[in-house]
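Subject: Structure handover

Dear colleague,

I am passing on the structure below, followed by an account of what was found in it. Please look it over before reading the notes.

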Amino acid sequence: MPAPDSSPRPRILTGDTPTGRMHLGHFVGSLENRLRLQDQYECYFLIANMHAFTTRAEKPGEIRESTFEILRDWLAVGMDPQRSTFVLQTEVPAIAELSWFFSMLIPFNRVLRNPTLKTEIESKNLGDQYPFGFPLYAVGQCADILAFRPELVPVGEDQVAHIEMCREVARRFNQVYAGVDPHTEDDDYPAAGAIWPIPKALIGRVGRLVGTDGKQKMSKSLGNAIYLSDSPKEVKKKVAQIFTGRQSLTEPGDTSNALFQYVRCFIRDEARVAELEDRYSRGDNIGDGHVKAEVADAINAMLEPIRARRAEYETPDGEARLTEIIRDGTRRANEIAEETLYLAKDKMGLGFGKRRLGL
Ligand code: ATP
Ligand code: MG
């Protein structure tokens with residue numbers, strides 16, 4: 001009989017900022033991949049609550065509430081704290097320490113040129129008064145990831161620029177402190193003595209789901225999201241608001257519009273999708289209202305079991321159970337993150353013995 005496979009599973013790290021509840025964009029952009037890979041990989045799922053302070057420093061109560069909401073959403077979709085590790089960023093000191101060291105390895109202007117930061121500054125109306133910590137979060141995210149030495153980072157398209165920065169930091173740290181030759185191919189870093197592999201982004205089935213405004217990406221902060229916890233009525237109402245600009249049932253429609261992204265994304269019967277696309281593009285007596293009703297039904301069918309599971313954590317003792325789950329996961333996460341920090345410090349000439357956290 002072959003021996004059971006005891007080789008360690010490759011790791012995944014990904015997470016969400018507690019700035020609201022989870023929406024359909026999260027589902028197709030990242031959650032589906034997390035669920036699919038939960039057994040093949042050792043998964044670390046991070047609640048980036050420190051990053052929520054970059055835009056909500058004066059609203060700590062909201063951040064705390066959103067932390068619980070995100071946890072409810074995770075459990076509702078089937079992320080499993082028995083098989084995966086749920087981590088609270090503010091309770092992992094190694095992340096903050098690595099951020100400090102990493103900030104020395106990226107030119108300031110390189111951070112400010114990050115296109116995702118630029119888009120966020122514009123779409124969230126941050127103007128020129130955003131705090132110093134706002135661009136710093138992009139460096140912090142490199143530490144979120146590298147603290148766990150993962151191979152894969154399942155994210156939506158908007159995160160690709162951040163992952164690219166993280167890959168640059170990973171290469172640079174390994175070259176400067178771990179003696180890895182700069183000509184080394186990314187995949188060969190571990191064999192060349194690197195502390196961490198060069199992680200790869202894994203984009204979901206839909207990398208960028210547009211919001212109900214039909215313009216910007218669906219986002220917690222932009223008021224254009226359909227939440228996993230919305231009631232069937234709310235879903236119907238929000239889908240009905242998707243703007244297409246089409247005037248009549250017989251006007252040839254543009255199937256690259258926001259409504260049809262939802263059609264392709266949520267109606268799982270391919271033949272029906274093809275039929276709707278065909279009739280809509282020819283203006284064959286099919287109104288937006290009809291298509292919207294079908295989309296809302298498909299979304300509601302998908303969300304039904306998610307709503308039912310979520311209700312289990314909306315009870316009065318729910319918060320205590322959630323706190324237990326996140327404390328337990330964070331304890332395990334600290335073992336890995338502390339080990340990473342120890343390895344990194346050792347390479348940096350800062351090895352003065354292993355410390356123990358009293359967590
Ligand atoms: P915020 O508005 O506060 O930035 P958000 O809606 O962008 O919130 P995040 O917590 O920043 O959500 O992102 C969590 C994950 O979900 C990331 O991997 C991100 O790429 C992905 N994601 C967010 N919005 C979408 C979307 N509209 N389509 C696909 N993936 C998305
Ligand atoms: Mg975001």
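**The ligand and its surroundings**

An oxygen atom of ligand 1 lies 2.8 Å from an N or O atom in the side chain of K220, which falls under polar contacts, meaning pairs of N or O atoms within 3.5 Å. The protein covers 96% of the 610 Å² of accessible area that ligand 1 has on its own, with areas calculated by the Shrake-Rupley method using a 1.4 Å probe.

This is a predicted model, in which local features need pLDDT of at least 70 and side-chain atom pairs count only at pLDDT 80 or more, whereas totals for chains, interfaces and linings use all residues. Residues are numbered from 1 along each chain as its sequence is written, chains are lettered from A and ligands numbered from 1 in the order in which they are written, and side-chain values use heavy atoms, with hydrogens and water left out.

Two nitrogen contacts of ligand 1 involve the backbone: one is 2.9 Å from a polar backbone atom of L209, and another entry places a nitrogen atom 3.3 Å from a polar backbone atom of G25. Around ligand 1 there are 22 residues, each with a heavy atom within 4 Å of the ligand, and the closest are T19, D158, K217, S219 and S221. By class, this shell has 4 nonpolar, 12 polar and 6 charged residues, where Gly counts as polar and Asp, Glu, Lys and Arg count as charged.

Both β1 (11–16) and α1 (24–37) supply at least two residues of the shell, and the largest share, 3 residues, comes from α1.

**The protein as a whole**

The secondary structure comes to 13 helices and 5 strands, taken as DSSP runs (H or I, at least four residues, for helices; E, at least two, for strands). The C-alpha atoms fill a box of roughly 75 × 55 × 45 Å along the principal axes.

Best regards

Definitions and conventions: A polar contact is a pair of N or O atoms within 3.5 Å; within protein, one must be able to donate a hydrogen and the other to accept it, and residues adjacent in sequence count only if both atoms are side-chain atoms.
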